[in-house]
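User: Please take a close look at one part of this model, the nonpolar surface patch, and then follow the chain from there into the interior and across the strands. A connected account is preferred to a list.

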Amino acid sequence: MTEIEPTGTLALQTIAMPADTNANGDIFGGWLMAQMDLGTSVLARGRARGRVATVAVREMTFLRPVWVGDVISIHAEIIRLGTTSMTIDVEAWVHRQPADERMKVAGARFVFVAVDEVGRKRSLPEVAG
């Protein structure tokens with residue numbers, strides 16, 4: 001089944017630039033993965049109310065190439081909370097001009113842990129309400 005809408009909260013948007021290309025002229029996968037990490041960390045930091053560290057990336061899948069000029073949207077959703085950690089599903093979508101196409105280009109599952117000011121694990125705060 002083809003996904004037509006992103007899942008999760010919009011966490012980050014940026015534009016793919018020429019400096020981010022690989023030898024084939026497409027956007028380097030490591031650059032896209034870094035954008036996904038940044039986007040998920042925005043959501044994770046909000047839930048943790050402070051510092052977080054990425055401890056795992058699971059099920060990273062690159063579905064389509066990203067091209068220079070594509071607008072990249074990172075959508076993330078917390079799917080599991082532990083005592084100190086959270087698991088977040090993330091999708092990367094592009095909006096490609098001039099064709100006005102939108103498509104999912106990558107997906108992954110990131111695991112973050114809440115950390116204190118010196119990098120030690122700490123408990124996630126209680127949810128208010």
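Analyst: Met33, Val57 and Phe62 make a nonpolar surface patch of about 230 Å². The model is a predicted one, and side-chain atom pairs count only at pLDDT 80 or more. Of the patch residues, Met33 belongs to helix H1, which covers residues 29-48. Met33 has a relative accessible area of 30%, so the residue is classed as partly exposed.

From the patch the account can move inward through Leu32. Leaving aside neighbours within four places in sequence, Leu32 is in contact with Phe62, Val66, Ile72, Ala92, Val105 and Ala106. Phe62 is thus named twice, as a member of the surface patch and as a contact of Leu32. Leu32 is also one of the residues with the most contacts inside the largest nonpolar core, together with Met36, Val66 and Met86. That core has 25 residues. At least two core residues come from each of H1, strand S3 (71-81), S4 and S5. S5 gives the largest share, with 7 residues.

The aromatic side chains are a separate topic. The structure holds 1 aromatic pair. Phe110 and Phe112 form this pair, which is stacked, with 6.3 Å from centre to centre and 20° between the planes. The cut-off for a stacked pair is an angle under 30 degrees, so the value of 20° meets it. Phe110 has a relative accessible area of 1% and is therefore buried. Phe112 likewise has a relative accessible area of 1%, so Phe112 is buried.

Charged side chains give another set of links. The count of salt bridges comes to 6. One of them joins Asp70 and Arg96, whose closest N and O atoms are 2.6 Å apart. Asp70 lies in the loop between S2 and S3 while Arg96 lies in strand S4, so this bridge ties together parts that are 26 residues apart in sequence. Both Asp70 and Arg96 are buried.

A further salt bridge is formed by the side chains of Asp89 and Arg109, at 2.6 Å from N to O. Because Asp89 is in strand S4 and Arg109 is in strand S5, the pair ties together parts that are 20 residues apart in sequence. Asp89 has a relative accessible area of 24%, so Asp89 counts as partly exposed. Arg109 is partly exposed too, with 24% relative accessibility.

Glu91 and Lys104 also meet through their side chains in a salt bridge, here at 3.6 Å from N to O. The limit for a salt bridge is 4 Å, so the pair at 3.6 Å falls within it. Glu91 sits in strand S4 and Lys104 in strand S5, and the pair links distant parts of the chain, 13 residues apart. Glu91 has 9% relative accessibility and therefore counts as buried. For Lys104 the value is 15%, so Lys104 is buried as well. Glu59, Asp89 and Arg109 are joined into one network by salt bridges that share partners.

The backbone has some features in the loops that deserve a mention. Most residues other than glycine have a negative phi, and most peptide bonds are trans. Arg49 has a phi near 55°, a positive value in a residue other than glycine. Arg49 is found in the loop between H1 and strand S2 (52-62). With a relative accessible area of 55%, Arg49 is exposed.

The loop between strand S4 (85-96) and strand S5 (101-114) contains Pro98. The peptide bond from Gln97 to Pro98 is cis, and its omega is near 5°. Asp100 is found in the loop between S4 and S5. Phi of Asp100 is near 60°, again a positive value in a residue other than glycine. Asp100 counts as exposed, at 52% relative accessibility.

To return to the starting point, the patch consists of Met33, Val57 and Phe62, and Leu32 touches Phe62 from within the list of residues with the most contacts inside the core.

Conventions:
Residues are numbered from 1 along each chain as its sequence is written. This is a predicted model: local features need pLDDT of at least 70, side-chain atom pairs count only at pLDDT 80 or more; totals for chains, interfaces and linings use all residues. Side-chain values use heavy atoms; hydrogens and water are left out. Patches are made of residues with over 30% relative accessible area and no salt bridge: like charges are joined within 9 Å, nonpolar side chains (Val, Leu, Ile, Met, Phe, Trp, Tyr) within 5 Å. Accessible areas come from the Shrake-Rupley method with a 1.4 Å probe; for residues, only the protein chains shown count as cover. Helices (H or I, at least four residues) and strands (E, at least two) are DSSP runs, numbered from the N terminus. Buried means under 20% relative accessible area, exposed over 50%, partly exposed in between (1.4 Å probe, protein chains only). A nonpolar core is a set of buried Ala, Val, Leu, Ile, Met, Phe, Trp, Tyr and Cys residues joined through side-chain atoms within 4.5 Å. Contact means heavy atoms within 4.5 Å. Rings of Phe, Tyr and Trp (its six-membered ring) pair if their centres lie within 6.5 Å; planes under 30 degrees apart count as stacked, over 60 as edge-to-face and the rest as tilted.
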